[in-house]
Amino acid sequence: MSAEGSREALLQGNEAVVEGAVAVGCSFYAGYPITPSTEVAEGLAARLPATGGTFLQMEDEIASIAACLGASLAGAKAMTATSGPGFSLMQELVGYAAIAEIPFVLVNVMRYGPSTGLPTSPSQGDVMQARWGTHGDHPIIVLTASSVREAFDMTVKSFNLAEKYRSPVILLLDEVVGHMREKVKLPAPEAVERLERIHPSTPPEWYAPYEETNTGVPPMAAFGDGYRFHVTGLVHDRMGFPTQKKSEIVQGTNRLYRKIERGFREICMTDGVGLEDARTVVVAYGSVARSAQQAVEEMRDQGKPVGLLRLRTLWPFPRAAFERILDGVDDILVCELNRGQVYREVLRVSRGRCEVHKHTRTDGEMITPAEIVRALRERI
Amino acid sequence: MDVPNREIIGRYLRHAKRFPHIWCPGCGNGIVLGCLLRAIDALGWNKDDVVLVSGIGCSSRAPVYVDFNTLHTAHGRALAFATGIQMVRPKLHVVVIMGDGDAVGIGGNHFIHACRRNIDMTAVVINNFIYGMTGGQQSPTTPQGALSSTSVYGTLDQPFDIAGLAASAGATFSARSTTYHVKELEKLLKAAFRHKGFSVVEAIAACPTTYGRRNRQGGAVDMMKWQKKVAVSAKRAAGMTPEELHGRIVTGVLVDRDAPEYTEEYDRIRRAAAEGKRVAFRSQPGDVTSTRAKEY
Ligand SMILES: Cc1ncc(C[n+]2csc(CCOP(=O)(O)OP(=O)(O)O)c2C)c(N)n1
Ligand code: SF4
């Protein structure tokens with residue numbers, strides 16, 4: 001990427017989300033204030049109207065997500081941001097977006113829960129809710145970020161994946177990433193990838209809004225474009241009309257999964273440190289991955305064969321990244337700010353091929369590099 | 001000679017695959033949908049420009065049968081979805097169909113906030129005094145004392161007056177009629193569609209299956225006769241005492257006033273924001289309004 005046109009700024013993670021959303025062409029935000037996500041709303045309240053977009057403060061989080069889905073059906077790139085209690089309220093319509101295949105981005109800046117919990121304390125307690133919070137089987141894309149710059153990048157990615165796969169995308173940040181300030185270099189607007197949903201190329205009378213396609217993703221028209229189609233949360237046939245036929249139920253549900261599965265390679269993002277020779281691998285994501293990286297580098301400087309596998313995508317769970325390392329490692333140490341939500345997934349995918357341990361904190365405080373070093377020393 | 005009703009309705013139905021519909025014989029939903037289609041036809045709206053949005057309930061099944069842009073949302077959320085659509089494409093005609101439970105039960109918060117925002121769209125609330133789809137539970141409009149499957153000893157809760165609620169929440173157009181008064185209902189829908197701003201039309205309708213039977217109101221025909229009997233026009237009602245109005249349903253236009261429309265006002269904000277300016281409003285931060293209280 002050329003540095004030309006890029007600019008430096010001292011930003012908070014939440015402000016980077018605002019910059020990312022504007023850069024990728026988000027033109028609609030509807031939300032309800034809640035700590036620690038409010039700066040996203042405040043930023044977009046200033047930015048969107050000035051660029052011809054819409055910012056709405058709705059009466060609650062249910063209305064917020066509903067308005068986003070309506071806006072997306074009318075052709076806009078839409079997003080909302082919230083935190084624990086608001087995320088819980090939105091769940092019914094996350095499922096609506098999944099089954100009706102409406103692209104949109106939901107940023108959840110996680111705070112300590114359940115309930116009102118510790119509103120200003122960091123947590124990563126919503127990993128499982130992001131996966132299974134709405135009722136029924138459904139695929140979902142959930143991304144995360146560890147730094148301010150990555151909050152920008154992952155916001156852009158979230159929109160691009162939402163549009164490309166006609167799917168809701170959840171960006172799970174934690175309070176630390178949302179509120180910490182870092183000096184970042186933002187790319188020039190032209191350097192930001194902007195994917196648009198595929199519009200139908202067929203004439204309206206042939207348009208099937210939920211048709212089978214090679215990719216599994218059907219083209220999406222907007223209301224008002226001359227394609228008069230039906231959208232419902234009921235299980236529907238390829239025309240969008242409710243169905244109770246077994247064959248159509250199975251076909252529709254399978255396609256929902258298939259379209260995301262086909263994208264696994266692109267969707268499941270991870271990176272790492274020292275994974276080539278590590279015998280002990282720390283698995284972390286979000287702000288915890290920053291502490292983990294420091295701990296791992298410190299240990300490696302001392303010649304210890306440790307590595308870091310950093311998860312940038314949480315769902316679909318990046319299983320392939322684990323398959324690549326599982327045979328070569330003795331131990332995995334999952335570090336997270338909950339009681340072991342990703343730990344359970346790692347246990348599941350490792351199927352006994354190595355030891356899996358966890359180092360977790362649920363007292364409203366960060367996990368420090370020193371703690372991770374200590375936890376690693378206990379094993380090596 | 002007028003175009004026959006069948007022909008008008010026929011222009012708008014999705015003939016392929018969508019029939020038979022799910023409504024019971026004698027249900028009022030079809031009558032309201034008929035009025036709605038005739039009103040749209042009379043205004044000459046292009047089908048491509050109409051978005052029919054609904055929530056969940058028997059009444060909310062209406063959109064699937066008609067050939068517009070149609071959106072069957074979640075229970076209670078139709079107005080919030082519609083808000084997103086209208087903000088992005090203000091030129092579209094957005095009409096929202098809801099049941100009484102959908103509109104002022106689970107969706108009550110969205111309903112009053114839609115009224116205060118004054119976005120140019122129309123909410124058509126089909127009030128059958130009951131939760132029809134789930135088999136006849138009490139709704140926020142079930143009259144006190146009426147029976148339902150979840151108020152088996154009589155409904156205790158005080159019912160909402162939907163059109164009145166809309167008016168006090170700030171809707172700039174609010175009207176009510178019944179499925180007996182089809183001509184009036186059609187006229188009110190036309191007026192609501194023409195109105196610039198948020199309009200509400202409450203249509204009193206029969207649910208013979210889950211309300212009429214349990215409350216010994218007879219069949220669909222008897223329920224329509226009841227609508228005829230209890231209806232009183234807003235004009236006549238103005239001269240009646242509260243005692244005389246007891247048990248009556250006031251029909252006609254309750255509110256019809258001009259106020260700045262939200263999407264147009266929002267455009268002013270966009271233009272000002274693009275120039276980095278503030279928007280001039282008619283009222284100032286100090287101009288709070290409140291209902292005058294009685295002195296004790
Ligand atoms: C969140 C949620 N809660 C409950 C229901 C179940 N439910 C479906 S329709 C309905 C009531 C419908 O009554 P109303 O809105 O008055 O419409 P009608 O069926 O009478 O036309 C209920 C409670 C649901 N679908 N979603
Ligand atoms: S249950 Fe009542 S509201 Fe529902 S279709 Fe039958 S008559 Fe109509």
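Two residues are in contact when heavy atoms of theirs lie within 4.5 Å. The exercises below apply this criterion and others to a predicted model.

**Exercise 1. The surroundings of His110(B)**

Task: Determine where His110(B) lies, whether His110(B) is buried or exposed, and which residues His110(B) is in contact with, leaving aside neighbours within four places in sequence.

Solution.

Step 1. Assign the element: His110(B) belongs to helix α5 of chain B, which covers residues 108-117.

Step 2. Classify the accessibility. The relative accessible area of His110(B) is 2%; buried means under 20%, and His110(B) is therefore buried.

Step 3. List the contacts by chain. From chain A, His110(B) is in contact with Glu59(A), Asp60(A), Ile62(A) and Ala63(A). From chain B, the contacts are Gly76(B), Arg77(B), Leu79(B) and Ala80(B).

Step 4. Examine the polar interaction. The side chains of His110(B) and Arg77(B) make a polar contact at 2.9 Å.

Step 5. Compare sequence and space. Val279(B) is 169 residues from His110(B) along the chain, and their C-alpha atoms are separated by 26 Å.

**Exercise 2. The interface of chain A and chain B**

Task: Describe the extent of the interface of chain A and chain B, and state which elements and residues of chain A contribute to it.

Solution.

Step 1. Count the participants: 42 residues of chain A are in contact with 38 residues of chain B.

Step 2. State the buried area. The two chains bury about 3,200 Å² between them, and 58% of this lies on carbon and sulfur atoms. Of the area that chain A buries against chain B, 22% comes from Glu59(A), Phe223(A) and Arg228(A), more than from any other three residues.

Step 3. Inventory the polar interactions. The rule finds 4 salt bridges across the interface. A salt bridge joins Arg89(B) to Asp225(A), with the closest N and O atoms 2.9 Å apart. There are also 18 residue pairs in polar contact across the interface, both residues being at pLDDT 80 or more.

Step 4. Identify the elements. On the side of chain A that touches chain B, two or more residues come from each of α2 (38-50), β3 (54-57), α3 (61-73), α4 (84-100) and β10 (230-232) of chain A. The most is given by α3(A), with 8 residues.

Step 5. Give the composition: this side of chain A divides into 25 nonpolar, 10 polar and 7 charged residues.

**Exercise 3. Two further buried residues**

Task: Establish the place, the accessibility and the contacts of Ala145(A) and of Glu186(B).

Solution.

Step 1. Locate both residues. Ala145(A) is in the loop between β7 (141-144) and α6 (148-165) of chain A, whereas Glu186(B) is in helix α7 (residues 182-194) of chain B.

Step 2. Classify them. Ala145(A) is buried, because its relative accessible area is 1%. Glu186(B) is likewise buried, because its relative accessible area is 13%.

Step 3. List the contacts, not counting residues up to four places away in sequence. Ala145(A) touches Glu150(A), Ala151(A), Met154(A), Leu172(A), Leu173(A), Val177(A), Gly286(A) and Ser287(A). Glu186(B) is in contact with Cys35(B), Arg38(B) and Ala39(B).

**Exercise 4. The shell around ligand 2**

Task: Specify which residues surround ligand 2 and which helix gives the most to this shell.

Solution.

Step 1. List the shell: Trp23(B), Cys24(B), Cys27(B), Asn29(B), Cys58(B), Asn128(B), Gly132(B), Cys207(B), Pro208(B), Thr209(B) and Thr210(B) surround ligand 2.

Step 2. Name the helix: α8 (residues 208-212) of chain B gives the most, with 3 residues.

Step 3. Divide by class: the shell holds 6 nonpolar, 5 polar and no charged residues.

Note on methods: Residues are numbered from 1 along each chain as its sequence is written. Chains are lettered from A and ligands numbered from 1 in the order in which they are written. This is a predicted model: local features need pLDDT of at least 70, side-chain atom pairs count only at pLDDT 80 or more; totals for chains, interfaces and linings use all residues. Side-chain values use heavy atoms; hydrogens and water are left out. Buried means under 20% relative accessible area, exposed over 50%, partly exposed in between (1.4 Å probe, protein chains only). A residue is near a molecule or strand if one of its heavy atoms lies within 4 Å of it. Ala, Val, Leu, Ile, Met, Phe, Trp, Tyr, Cys and Pro count as nonpolar, Asp, Glu, Lys and Arg as charged, and the others, Gly among them, as polar. Buried area is the accessible area (1.4 Å probe) that two parts lose on being put together, summed over both. A salt bridge is a side-chain nitrogen of Lys or Arg within 4 Å of a carboxyl oxygen of Asp or Glu. A polar contact is a pair of N or O atoms within 3.5 Å; within protein, one must be able to donate a hydrogen and the other to accept it, and residues adjacent in sequence count only if both atoms are side-chain atoms.
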